[in-house]
Amino acid sequence: MSEDLKISRATSLVVQMLVKRDYLSIEKLSAGNRLSATEIANVVKEYGRTLVLPPEESYTNIDAIQIENEVPSSWSVRFHLWTKEEGQSDLSIILTLTDATDDLIMVAVDDILVL
């Protein structure tokens, strides 16, 4: 599987969980690193808008930068979230994705913030 496809799938999975308000699954997926389910819920609540799934084509243009000298390969990813009220919003999720196997990527949710 290509790196771009793995990055897209991992990002999409996290966004789907956010939209479903399944913050505990996000915490489990990222092994509790960096943001807890409670912290994620608080950020979304404070933003005060309803997260929705972005158009599918949004996943073809993900801001992903490979982290140099990392073995296995890792990427810093920034993805703009979408809301019912705004469409593409100022709220973004920041992830670190690390290659695990041919089909899997490890996910760490670094932050959710307004950019």
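Biologist: Y59 lies in the loop between strand 1 and strand 2, and I would like to learn how to read such a residue in this predicted model. Is Y59 buried or exposed?

Modeller: The cut-off to keep in mind is that a residue is called buried when its relative accessible area is under 20%, and exposed when that area is over 50%. Y59 has a relative accessible area of 5%, so Y59 is buried.

Biologist: How does one describe a pair of aromatic rings?

Modeller: A pair of aromatic rings is described by the distance of the centres and the angle of the planes. In this structure the count comes to 1 aromatic pair. The ring centres of Y59 and F79 are 5.1 Å apart and the ring planes meet at 5°, so the pair is stacked, since planes under 30 degrees apart count that way.

Biologist: Which parts of the chain does the pair link?

Modeller: The pair links distant parts of the chain, with Y59 in the loop between strand 1 (51-52) and strand 2 (63-66), and F79 in strand 3. Although Y59 and F79 are 20 residues apart in sequence, their C-alpha atoms are 8.6 Å apart in space. F79 has a relative accessible area of 4%, and therefore F79 is buried.

Biologist: Another ring to look at is that of Y47, so what lies over the face of Y47?

Modeller: R49 lies over the face of Y47, at 4.7 Å from the ring centre.

Biologist: Now to empty space: what shows where empty space is left?

Modeller: Rolling a probe the size of a water molecule over the atoms shows where empty space is left. In this model the largest pocket has a volume of about 160 Å³, and its lining is made up of S58, N61, I62, D63, R78, F79, H80, W82 and Q88. F79, the partner of Y59 in the stacked pair, is thus named again in this lining.

Biologist: Which element gives the largest share of the lining of the largest pocket, and what classes of residue are found there?

Modeller: The largest share, 4 residues, comes from strand 3 (residues 74-83). Sorted by class, the lining has 3 nonpolar, 4 polar and 2 charged residues.

Biologist: How far does helix 1 reach from its first C-alpha to its last?

Modeller: Helix 1, which covers residues 3-19 and has 17 residues, reaches 24 Å from its first C-alpha to its last, and this is close to the 24 Å expected at 1.5 Å a residue. The buried residues of helix 1 are K6, I7, S8, A10, T11, S12, V14, V15, M17 and L18.

Biologist: What value does phi of R21 take just after helix 1?

Modeller: Just after helix 1, R21 takes a positive phi of about 60°, and R21 is a residue other than glycine. R21 lies in the loop between helix 1 and helix 2 (23-29). Its relative accessibility is 58%, so R21 counts as exposed.

Biologist: Where else should I look at the backbone, and what is the place of N69?

Modeller: N69 is in the loop between strand 2 and strand 3, and N69 has a positive phi of about 60° although it is not a glycine. Because its relative accessibility is 78%, N69 counts as exposed. P72 is also found in the loop between strand 2 and strand 3, and the peptide bond from V71 to P72 is cis, with omega near 0°.

Biologist: E68 lies in that loop between strand 2 and strand 3 as well, so is E68 buried or exposed?

Modeller: E68 has a relative accessibility of 66%, and so E68 counts as exposed. The C-alpha atoms of E68 and L24, which are 44 residues apart along the chain, are separated by 31 Å.

Biologist: Finally, in which strands are A108 and T98 found?

Modeller: A108 is found in strand 5 (residues 105-114), and T98 is found in strand 4 (residues 87-99). A108 counts as buried because its relative accessibility is 7%, and T98, with a relative accessible area of 14%, is buried too. From C-alpha to C-alpha, A108 and P55 are 23 Å apart in space and 53 residues apart in sequence, while T98 and L113 are 21 Å apart in space and 15 residues apart in sequence.

Notes:
Residues numbered from 1 in each chain as written. Predicted model: local features only at pLDDT ≥ 70, side-chain atom pairs only at ≥ 80, totals over all residues. Heavy atoms only, no water. 1 Å grid on protein atoms, 1.4 Å probe; cavity = no way out; pocket = protein on both sides within 12 Å on 5 of 7 lines; lining within 4 Å. Points joined across faces, edges and corners; volume = space filled by probe spheres on them. Helix = DSSP H or I, 4+ residues; strand = E, 2+ residues; numbered from the N terminus. Nonpolar A, V, L, I, M, F, W, Y, C, P; charged D, E, K, R; others polar. Expected span 1.5 Å × (residues − 1). Buried < 20%, exposed > 50% of the residue type's maximum accessible area, 1.4 Å probe, protein only. Phe/Tyr/Trp six-rings, centres within 6.5 Å; stacked < 30°, edge-to-face > 60°. Lys NZ or Arg CZ within 6 Å of the ring centre and 35° of its normal.
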